[in-house]
Amino acid sequence: MYGEDRLVIAHIGQVGGNAVTDEPRRRRAPAMTDVARVAGVSHQTVSRVLNGSARVGPTTRARVLAAIEQLGYRRNVVARALVTGRTQTLGVVAFDTTLFGPASVLAGIEEAARDAGYFVSIANVPRLDRHSISDAVNRLETQAIDGIILIAPQSDAIDVLHERAGELPMVVVDGAVGTGIRRVEVDQAEGARLATQHLLDLGHPTVWHVSGPIDWHEAVTRQEGWRTTLLGAGREAPPPVTGDWSARSGYEAGRLLARVPELSAVFAGNDHMALGLSYAFHEHGRHVPDEISIVGFDDIPEAEFFTPPLTTIRQDFAALGQAALAELVTQIKDGSTEGTGHRVEPELVVRRSTTRPPE
């Protein structure tokens, strides 16, 4: 019996050995030297192309990129990190990405990072308080990131940012951070000015305002831009009504404002609140724009399909993401945390929700 077992075991071992030797060898992943050989350039030239150097001509760059595509070359991020001390990974602290503004900013950052050859690790926080932000930054730091972008529109985040300043390259998007931290933002006050001035130019005696939450930097700045424009034109600034960015809060504000007989123009803090406003006015028999003109803010994709299509302020979120990434990469490369940051200009988009006031 034992003899038969030995024969069977020997036979299985022989078959296993043949199976291993007959299996094709796994193909070696292409290396940077392979790319250089196919492109007909040096190893250093391939490295310069991968690192975005301006010292490579367009024709040579095109040859290298074609060779990369042909070979399916993928950069070894671990090996690069060991040599340079950088992981090509950036951290992003984000909050409430269900809202159009923060979600669009995050998308703009991700697109800009991808184009620049960086990976993005996102830490979503449930609220922008001291504990949540510190915890998010700590979690990102454990991933050996090269720098952090914070989408921090609420004022509660500011103290934490100053405490962590200098530990790691850091850029804040749309946050009031004072000095010492680089910031990129849309010029919210200018957007509010454009909206308010557009309604004044149409002949409205004043402009009412439905504001976002007062603990949001964008809401405060838009409110300041609206009030400054009215006072600069010698007009009275009515008391603002505060919402929470939602269409529901715009609707509730509209139910109050519809009872103001002299009201003819409203600047809403965002497009969703403008939608709620429009519906409330419709319910109360006050027609947009024949009786009341409305301007929103953001230019969400649905704005042109409102009834009537919404006049609004467009924010270039792609440009905002590119600016945030450029500021952060500059810090990573030169080690500097000082700088005034970058401001993206908004644009007035005129549609059919605004017209001259009724006679």
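Helices (H or I, at least four residues) and strands (E, at least two) are DSSP runs, numbered from the N terminus. Show the whole chain as a cartoon: its secondary structure comes to 13 helices and twelve strands. This is a predicted model, in which local features need pLDDT of at least 70, side-chain atom pairs count only at pLDDT 80 or more, and totals for chains, interfaces and linings use all residues. Residues are numbered from 1 along each chain as its sequence is written, and side-chain values use heavy atoms, with hydrogens and water left out.

Next, select strand β5, residues 182-186. Four of its five residues are buried (under 20% relative accessible area; exposed is over 50%, partly exposed in between; 1.4 Å probe, protein chains only). Add strand β4 (residues 170-173), which pairs with β5 in the parallel sense over three bridges; two strands pair if DSSP finds at least two bridges between them. Here V173 stands opposite V184 of β5. Then add strand β11 (residues 342-344), also parallel to β5 over three bridges, where R343 is the bridge partner of E185.

Now select F267 and F297. Their rings form a tilted aromatic pair, 6.3 Å centre to centre with 45° between the planes (centres of Phe, Tyr or Trp rings, for Trp the six-membered one, within 6.5 Å; planes under 30 degrees apart are stacked, over 60 edge-to-face, the rest tilted). Both residues are buried. Finally, add R222, which lies over the face of F297 at 3.8 Å from the ring centre (the rule asks for NZ of Lys or CZ of Arg within 6 Å of the centre and within 35 degrees of the ring normal).
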